[in-house]
Amino acid sequence: MISTTVPTWSEFLTQTIAAFGCTTGTLHRLDPADHHLKLVAHQGIPEALMPIIQSIPVGKGIAGVAAERQEPVEMCNLQTDTSGVARIGARQTHVQGTLAVPVLDGGRLCGTLGIGKMVPYDFTPEEKERLMQTARSIAPLLLPP
């Protein structure tokens, strides 16, 4: 029997993470009231980081910078990155290769989608575009009510 139920955000994130061969991920929705990214779904994130990733200011951290720039932000190895983009606590995930993209509805920012691998990894231009397309596909559903 085919399921006619709409997947939850957690199921969507799990499917996205698996499609990219990753182990961790986050999905945030933009809250226009305070211009923060609010956590909608997560996988593989240590409990100690939950208070930090619940609400991320646009422009701060990997997700916040992807939102601010409205373009993918990638790190081959988060554990050794010295760019200053990642927050110090992000290393607690033990993730190495990471990619965050904005969720855009046309030019309107709706949130961010991030995935990560436990090994150093350079995402290809095709993978970046595929994740951007995945993010665009959910943008209208992620808009605040």
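Contact here means heavy atoms within 4.5 Å of each other. On that footing, among contacts in the chain between residues at least 6 apart in sequence, 54% join residues at least 24 apart. The model is a predicted one, where local features need pLDDT of at least 70, side-chain atom pairs count only at pLDDT 80 or more, and totals for chains, interfaces and linings use all residues. Residues are numbered from 1 along each chain as its sequence is written, and side-chain values use heavy atoms, with hydrogens and water left out.

As for the overall layout, the chain has four helices and six strands, taken as DSSP runs numbered from the N terminus (H or I and at least four residues for helices, E and at least two for strands). Read from the N terminus on, the elements go α-β-β-α-β-α-β-β-β-α. Of the 145 residues, 45% count as buried, which is to say under 20% relative accessible area, with exposed set at over 50% and partly exposed in between (1.4 Å probe, protein chains only). The chain exposes about 7400 Å², and carbon and sulfur atoms supply 57% of that area; accessible areas come from the Shrake-Rupley method with a 1.4 Å probe, and for residues only the protein chains shown count as cover.

Helix α1 is a good place to start looking around. Its buried residues are F12, L13, T16 and I17. These cover an arc of only 130 degrees around the axis, which puts them on the same side of α1; the arc is that of the directions from the helix axis to the C-beta atoms. The face turned away from this buried side carries the exposed residues A18 and A19. What covers the buried residues of α1 includes the strands β1 (24-31), β2 (36-43) and β6 (108-117), along with helix α4. Just after α1, G21 takes a positive phi of about 65 degrees.

The pairing of α1 with α4 can be described in more detail. Helix α1 (residues 9-19) and helix α4 (residues 125-142) pack at an angle of about 170 degrees, and their axes are 12 Å apart. Axes are lines fitted to C-alpha atoms, for helices over the stretch in contact, and angles run from 0 to 180 degrees between N-to-C directions. The two helices are therefore roughly antiparallel to each other, the word used for angles over 145 degrees (under 35 is roughly parallel, 65 to 115 roughly perpendicular, and the rest oblique). On the α1 side the contact is made by W9, F12, T16 and A19, and on the α4 side by R130, L131, T134, I138, L141 and L142. By class, that makes seven nonpolar, two polar and one charged residues, where Ala, Val, Leu, Ile, Met, Phe, Trp, Tyr, Cys and Pro count as nonpolar, Asp, Glu, Lys and Arg as charged, and the others, Gly among them, as polar.

Helix α3 (residues 61-69) is mostly covered, with seven of its nine residues buried. Those seven are G61, I62, A63, G64, V65, A66 and A67. One link from this helix goes to T112, which lies in strand β6 and counts as buried at 1% relative accessibility. The C-alpha atoms of T112 and A67 are separated by 6.3 Å, although the two are 45 residues apart along the chain. Not counting residues up to four places away in sequence, T112 touches T26, L27, H28, L37, A63, A67, V101, P102 and V103.

Now for the loops. Most residues other than glycine have a negative phi. Q70, which follows α3, has a positive phi of about 55 degrees although it is not a glycine. Q70 lies in the loop between α3 and β4 (73-75) and is partly exposed, at 33% relative accessibility. H35 is not a glycine either, yet has a positive phi of about 60 degrees. H35 sits in the loop between β1 and β2 and is partly exposed, with a relative accessible area of 44%. In the loop between β2 and α2 (50-53) there is G44, also partly exposed at 43% relative accessibility. Leaving aside neighbours within four places in sequence, G44 is in contact with T23 and T24. The C-alpha atoms of G44 and T14, 30 residues apart along the chain, are separated by 10.0 Å.
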